[in-house]
Amino acid sequence: MPTEIPSTCEALLRRMVGHKTVNSQLPDGEPNAEQALAEDLEALANNWGLASSRHKVPQTAFNLLVTCEASPGAPWLLMDSHMDTVSVEGMTVDPFAGEVRDG
């Protein structure tokens, strides 16, 4: 994956979509499919000055927690997402290209 830091949300999403993270329990999935994406996001977070920590999940890759304390005692905002995807078998477009059509 690229080493440069994405400058827009679109660039970040395209970069994330470029990782092949098909769920490992699906026929076209691979073990620890999310690990490379988690490592990439961890490196980006650290480059942006955000704190990150890994949380082991038995028999799979780790969960990644990225935090940014806006100010001590401020309320928390939590955003949660998963990194694995559904099967890509039979797709007629490259599901990892991150193609943008019609804006």
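Trainee: I'm starting at Asn32: where does Asn32 lie?
Mentor: Quick background first: this is a predicted model, in which local features need pLDDT of at least 70 and side-chain atom pairs count only at pLDDT 80 or more, while totals for chains, interfaces and linings use all residues. Residues are numbered from 1 along each chain as its sequence is written, and side-chain values use heavy atoms, leaving out hydrogens and water. The elements are DSSP runs numbered from the N terminus, helices being H or I with at least four residues and strands E with at least two. With that in hand, Asn32 lies in the loop between H1 and H2.

Trainee: Is Asn32 buried, partly exposed or exposed?
Mentor: We go by relative accessible area: under 20% is buried, over 50% is exposed, and in between is partly exposed (1.4 Å probe, protein chains only). Asn32 has 34%. That value falls between the two cut-offs, so Asn32 counts as partly exposed.

Trainee: What sort of phi does Asn32 have?
Mentor: Most residues other than glycine have a negative phi. Asn32 is not a glycine, yet its phi is positive, at about 55°.

Trainee: Which residue in the segment after S2 has a positive phi although it is not a glycine?
Mentor: Look in the segment after S2 for a residue that is exposed, with a relative accessible area of 85%. Its phi is about 55°. That residue is Asp102.

Trainee: His19 is in the loop between H1 and H2. Is His19 buried or exposed?
Mentor: The relative accessibility of His19 is 8%. The cut-off for buried is under 20%, so His19 is buried.

Trainee: Which side chain does the side chain of His19 make a polar contact with?
Mentor: A polar contact is a pair of N or O atoms within 3.5 Å; within protein, one must be able to donate a hydrogen and the other to accept it, and residues adjacent in sequence count only if both atoms are side-chain atoms. For His19 the distance is 3.1 Å. The partner is the side chain of Asp40.

Trainee: Which residues of H2 meet H1?
Mentor: Contact here is heavy atoms within 4.5 Å. On the H1 side you find Leu12, Arg15 and Met16. Facing them in H2 are Leu37, Asp40, Leu41 and Leu44.

Trainee: And are H1 and H2 roughly parallel or roughly antiparallel?
Mentor: Helix H1 (residues 9-17) and helix H2 (residues 35-47) pack at an angle of about 150°, with axes 10 Å apart. Axes are lines fitted to C-alpha atoms, for helices over the stretch in contact, and angles run from 0 to 180 degrees between N-to-C directions. Under 35 degrees is roughly parallel, over 145 roughly antiparallel, 65 to 115 roughly perpendicular, and the rest oblique. At about 150°, the two helices are therefore roughly antiparallel.

Trainee: What covers the buried residues of H2?
Mentor: Those buried residues are Leu37, Ala38, Asp40, Leu41, Glu42, Leu44 and Ala45. Their cover includes H1, S1 and S2.

Trainee: Where is Gln59 found?
Mentor: Gln59 is exposed, with a relative accessible area of 83%. Its C-alpha atom is 27 Å from that of Leu13, 46 residues apart along the chain. Gln59 is found in the loop between strand S1 (51-55) and strand S2 (63-67).

Trainee: Finally, in what order do the elements run?
Mentor: The protein has two helices and two strands. From the N terminus on, they run α-α-β-β.
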